[in-house]
Amino acid sequence: MPSSSAASGISPIADAAPLSLCAREPYVPADRLVAEMVPPPRFDSVRFATYIPDPNQPSQTAAVGVLETFAAGLGGAHAAGTAKRGFLGFGKGRAAKAPAGPRGVYLDGGYGVGKTHLLASLWHATPAEPALKAFGTFVELTNLVGALGFQKTVQTLSGHRLLCIDEFELDDPGDTVLVSTLLGKLVDAGVALAATSNTLPGKLGEGRFASVDFLREIQGLSAHFRSLRIDGDDYRHRGLPQAPAPFSDEQVTKAAYATEGASLDDFPHLLAHLAKVHPSRYGALTDDLKAVCLTDVQPIPDQSTALRLVVLADRLYDREVPVLASGLPFDQLFSEEMLNGGYRKKYFRAISRLTALARDAEGLVETA
């Protein structure tokens, strides 16, 4: 559905209308999904040296040291590969000795303590070509399996030195079995793993499902990782003001018309459109956007809609796209029932990230 100022009763401010997310239905080929498994633009330049540990949280400094050592240990031959192959890569070579113990590290901590910064730093620090390292969210990994098929995904990732999985959250038993089996095969193939989450690996399913099979899969998965607890407060809100109050429809619309590369959509219409686009394509949905402008932000009506919005918020945050909105403030998007339910960690993360992007967008109104 194209964006229009008529919906808010406001006359166009410029000849060129803003873009519209609702008018986009991107097609994403499977090879793009693989090629884009790198740290998002927000984390292009992060390194261990740019991570600033909270002096009151020694676990943050300790985590940097462990990860630096882990990255250094990933140099040399692939753990399940060969140190030297025959002519044109064929024939048996000298087997590389796989390191003992868990082949992964698991960063556990709350929102905004810098887990993704550290995970991306690990990716950058690992001494291997980018094509031999993969970085993606848990959702992106499951989407990759959906696009390629399980066996092709195993084949594609088995030659990698490192697989980094951000926001590792298991939402249903099917995903648990799928990812547990996938990671088990990759570990057997010599791929090192690193992941972030807001829950310890052995407690991922706690409070969501009582299935014995589900809990058994969780325990098997946790054995692949060494857990690193990272304590601290959400850095996005350290010493910063409260989330900005929403602007008026007129201010948002004016800013959208005045900002090159901005989109303008009615929030309820956008939520309806997201239901028609697979979450694996939400990144492509935001291609080339400089800002997202939303009018009439309302409470999320149901959990399926809420989870789709979480994915969109993650993609916008990864790409540092400011979000300017009218209506309700973002901390009122989700009901109390949602915030107290099994997906509460995702919803709090979305609130944190949308709030940060809303702060980034304040200047759009000032310059409009």
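Two strands are taken to pair if DSSP finds at least two bridges between them. In the predicted model described here, strand β6, residues 262–266, meets this condition with β7, the two running parallel over five bridges. Within this pairing, Ala262 has Ala291 of β7 as its bridge partner. On the β8 side, β7 pairs with residues 323–327, again in the parallel sense, over four bridges. Here Cys293 stands opposite Leu324 of β8. The connection from β7 to β8 passes through helix α11, residues 303–318, and this β-α-β crossover is right-handed. Another bridge joins Leu294 to Ala325 in β8.

Together these strands form an open sheet of three, in the order β6-β7-β8, with parallel pairing. Strands β6 and β8 are its edges, each pairing on one side only. Neighbouring strands of the sheet are turned against each other by 15° on average, direction ignored. Helix α13, which spans residues 344–367, packs on this sheet and touches β7 and β8. The direction of α13 makes about 85° with that of β8. Strand β7 covers residues 291–297, and six of its seven residues are buried, so β7 is largely enclosed by the rest of the structure.

The protein also contains an open sheet of five strands, ordered β2-β3-β4-β1-β5 and paired in the parallel sense. At the edges stand β2 (133–137) and β5 (226–230); each has a single partner strand, so one side of each is left without a neighbour in the sheet. From one strand to the next, the twist averages 15°. Strand β3, residues 162–166, is the parallel partner of β2 over five bridges, and Phe135 lies opposite Cys164 of β3. Helix α4 (residues 138–148) packs on this sheet in contact with β2 and β3, and its direction makes about 110° with that of β2.

Across the whole protein there are 13 helices and eight strands. Of the 368 residues, 50% are buried. The exposed area of the protein is about 16,600 Å², of which carbon and sulfur atoms supply 54%. Among contacts with a separation of 6 or more, 85% link residues 24 or more positions apart.

The largest nonpolar core comprises 63 residues. Leu118, Leu122, Ile300, Leu333 and Phe334 are the residues with the most contacts inside this core. Helix α11 contributes the largest share of the core, eight residues. Apart from its neighbours within four places in sequence, Ile300 is in contact with Phe267, Leu271, Thr305, Ala306, Leu309, Leu333, Phe334 and Met338. A second core, separate from this one, has 26 residues, including Met37, Tyr106, Leu144 and Leu183.

Helix α3 spans residues 115–125, and nine of its eleven residues are buried, so α3 is largely enclosed by the rest of the structure. The buried residues of α3 are Lys115, Thr116, His117, Leu118, Leu119, Ala120, Ser121, Leu122 and Trp123. Of these, Leu118 and Leu122 are also among the residues with the most contacts inside the largest nonpolar core.

Key
Residues numbered from 1 in each chain as written. Predicted model: local features only at pLDDT ≥ 70, side-chain atom pairs only at ≥ 80, totals over all residues. Heavy atoms only, no water. Buried < 20%, exposed > 50% of the residue type's maximum accessible area, 1.4 Å probe, protein only. Contact = heavy atoms within 4.5 Å. Areas by Shrake-Rupley, 256 points an atom, 1.4 Å probe, with all protein chains shown as cover. Right-handed = clockwise from strand over helix to strand, strands pointing away. Core = buried A, V, L, I, M, F, W, Y, C linked by side-chain atoms within 4.5 Å. Axes fitted to C-alpha atoms, helices over the stretch in contact; angles between N-to-C directions.
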